[in-house]
Every structure is written in C-alpha cells, then in structure tokens.
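Please open the model in a viewer and keep the sequence panel visible. The tour below proceeds by selections, each followed by an account of what is found there.

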Amino acid sequence: MKVCIVGASGKLGKYMVRQALEKGYEVVGVCREQSVGKLDEFRGRLTLVPGATNDREVIRRAVAGCDGVLTVLVPWGVEQYATGTAQAVLDYAEPGARLVFSCGWHISRDGKDVYSWTFRAFLRIFGWVARATRFADLSDQEEACRRVFASETRWTVVRGSDLEEGDSQGLPVWSRHVGDPILESNRTRRVDFALFMVDTLENDQLIHEAPAIVGCQTASALAHGASCPAGQGSN
Ligand SMILES: NC(=O)c1ccc[n+]([C@@H]2O[C@H](COP(=O)([O-])OP(=O)(O)OC[C@H]3O[C@@H](n4cnc5c(N)ncnc54)[C@H](OP(=O)(O)O)[C@@H]3O)[C@@H](O)[C@H]2O)c1
C-alpha cells in the first residue's frame, strides 16, 4: 500500500506518518517548505514533496501511484487553502484511490447534526475573529467538504471532536450525527484521531460516510457500550 499524507508535518500529520510506516505502508508526505525539518525523525523512511498543500502541481506529483491519500484540511488564511487542497486531491488522486479527509465536528454533511448552544456560540465568535484577523476562514473548510461530499471518488470525511494529547486509548468510536449521546464527551486523543484516519484507508464500510468520532474510553463512549476493539470502529 502506498499512501500520501497531505499536511504531514502537523501534529495530526506526524502521528499518521508514524502509524502508516508502522503498518508497512510506503509513505509520501506533503508539507510546506519551511516545515520539512519537522519530519527529520522520519528521514530516509518517507518521500517528501515540499510545497503548499493547495499547490495543484505539488499534489499531482505527490499522489501519483498512491492507493490512499490522507488529507489534513486546515482553513488557514482567507485564500481558500482547504478548498484548494481538497480540490487538488480530488482531481489528481488515482482513480479508485481511497481518500480520507480530516475536519472538525462543525462540518455537517446532511444538516442533521445537533450542536449545543455553547458549541454554536464558540464557532460564531471564533469564526468571526478568525476571519476579521484574516487568520482563518471556517467557511473554507465547509466548502472543501461540500466538494468532497459531491465527489464520486471513494472518500471518507472524518470529523474530529475537541482534541487532546496523550497515549493512545484505541480506535475511537463514531456516529453519523453530532448530538448522538455516544459523542457527548467531545474528546479524542489526537493520536487516536490519526489511528482512525489510517484505519479508514482499509475500511470500505466508511466509504461515503462522514463519521464524527470520540475517544473510545470517554465517559459517553463507555456508557454506550464502547469496548475499544483493536482495529475496528463501532457505531
Ligand atoms: N485542533 C483541534 O482541536 C481540532 C478539533 C477537531 C478537528 N480538528 C481537525 O484536525 C485536523 C488537524 O488539526 P490539528 O489541530 O491536529 O492541527 P495540526 O495537525 O497541527 O495541523 C495543522 C496543519 O496546518 C498547517 N499549517 C499551519 N499553519 C499554516 C499556514 N499558515 N498555512 C498553511 N498551512 C498551515 C500545518 O503545516 P505546517 O507543519 O507546515 O505548519 C499542519 O499541516 C484538521 O483537519 C482540523 O480541522 C482539529
């Protein structure tokens, strides 16, 4: 299995690189030129294609020959960075390749997610401040995901809860809609978010799904019967 990790130098990206290498996959990583050094620990074990992740030529070269592409979607700046990244992956990935994108719970595929008022208030305030300061544009990640949802490629969009660092607790559990009781704890270890992304490459049941994930040892997951099965998610 040859996989491309777009956004390989970030926190989530590095976890995914490590896990993909441990699985014996051949790994191609894409990260910005100034971040190449963040991947020094993997030197010699992965092929690096430096460049902006929304640079179509960079993505075209990186995904060539890959069976799977793991993409970190981040809406930095106000230049449609996430949308450009997603579109390039959709356009250039090999036909039939497994495409897995990451985003947050705020993305809704069918409008049936139910958010708390605190979540909505946070999003509104953060979204306004981020856009006003030109730091980030949440609508960019929404547009990126809209394009993925409309695509006929073999995609999955993994929607992460609030994240924390710490040792792995096992594969997160998931549900189709935010607001489902199993997700109430709203907490996932970042290393396990990565685990879910990498595991999804070989899970065809998640094709054309947008699972919202939560740590399998959180209170809400345990209260709803999660048992942290190794290598298998549950819903
Ligand atoms: N943080 C959360 O609490 C949270 C919650 C839910 C879901 N998520 C999702 O999880 C994924 C990764 O989140 P994360 O918090 O773990 O972040 P992360 O892995 O550290 O990823 C940040 C990414 O953004 C890139 N980046 C940083 N500044 C940039 C800039 N100015 N221009 C372009 N790229 C830039 C980084 O690349 P460099 O290495 O080059 O800087 C890196 O690839 C995203 O899909 C996010 O939507 C995050």
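Which residues does Ala82 touch, not counting residues up to four places away in sequence? In this predicted model, select Ala82, which is placed in helix H3. Its contacts beyond that limit are Leu73, Val74 and Pro75, together with Asp140, Gln141 and Ala144. Ala82 counts as buried because 29 C-beta neighbours lie inside 10 Å, where 20 or more suffice. For a partner distant in sequence, display Ser139: 57 residues separate Ala82 from Ser139 along the chain, yet their C-alpha atoms are 9.6 Å apart.

**Along helix H3**

Select Ala86 next, also in helix H3. Ala86 is buried, since 31 other C-beta atoms lie within 10 Å. With neighbours within four places in sequence set aside, Ala86 is in contact with Thr71, Leu73, Phe101, Ala144, Arg147 and Val148. Measure in the viewer from the C-alpha of Ala86 to that of Gln141: the model gives 9.2 Å for this pair, which is 55 residues apart in sequence. Residues three or four places apart in an α-helix point the same way, because the helix has 3.6 residues a turn.

**Across to helix H5**

Now select residues 138-149, helix H5. This helix of 12 residues reaches 17 Å from its first C-alpha to its last, close to the 16 Å expected at 1.5 Å a residue. Colour its buried residues, namely Asp140, Gln141, Ala144, Cys145 and Val148. Turn the view to look down the axis of H5: these buried residues fall within an arc of 130 degrees, and therefore line one face of the helix. What do the buried residues of H5 pack against? Show helix H3 (81-92), strand E5 (98-104) and strand E6 (154-160), which are their packing partners.

**Helix H6 and the loop after it**

Move to helix H6, residues 190-200. H6 is mostly covered, with 10 of its 11 residues buried. Those buried residues include Val191, Phe193, Leu195, Phe196 and Met197, and also Asp192, Asp199 and Thr200.

Then select Leu201, in the loop between helix H6 and strand E10 (212-214). Is Leu201 buried or exposed? Leu201 counts as buried because its C-beta neighbours inside 10 Å number 23. Apart from neighbours within four places in sequence, Leu201 is in contact with Val3, Gly68, Arg98 and Val100. The C-alpha atoms of Leu201 and Trp155 are separated by 9.5 Å, although the two residues are 46 apart along the chain.

**The nonpolar core**

Select Val3, Cys4, Ile5, Met16, Val69 and Val89: of the 68 residues in the largest nonpolar core, these touch the most other members. Centre the view on Ile5. Not counting residues up to four places away in sequence, Ile5 touches Gly13, Met16, Val17, Ala20, Val27, Gly29 and Leu70.

**The annotated span and confidence**

Highlight residues 7-203, which an unreviewed UniProt entry lists as "domain: NAD(P)-binding". The end C-alpha atoms of this span lie 22 Å apart, and the span is 36% helix and 18% strand.

Finally, colour the chain by pLDDT. The chain averages 95, and 97% of the residues score at least 70. Select residues 231-235, where the pLDDT is below 50; this stretch nevertheless has 14 contacts in the model beyond near neighbours in sequence. Where pLDDT is low, the predicted coordinates should not be read in detail.

Terms used
Residues are numbered from 1 along each chain as its sequence is written. This is a predicted model: local features need pLDDT of at least 70, side-chain atom pairs count only at pLDDT 80 or more; totals for chains, interfaces and linings use all residues. Helices (H or I, at least four residues) and strands (E, at least two) are DSSP runs, numbered from the N terminus. The expected span of a helix is 1.5 Å times one less than its number of residues. A residue is buried if 20 or more other C-beta atoms lie within 10 Å of its own, exposed if 12 or fewer, and partly exposed in between; C-beta atoms are placed from the backbone. The arc is that of the directions from the helix axis to the C-beta atoms. Two residues are in contact if their C-beta atoms, placed from the backbone, lie within 7 Å. UniProt positions are given in the numbering used here, feature names are shortened, and annotations may be inferred rather than shown by experiment. A nonpolar core is a set of buried Ala, Val, Leu, Ile, Met, Phe, Trp, Tyr and Cys residues joined through C-beta atoms within 7 Å. pLDDT is the predictor's confidence in each residue, from 0 to 100.
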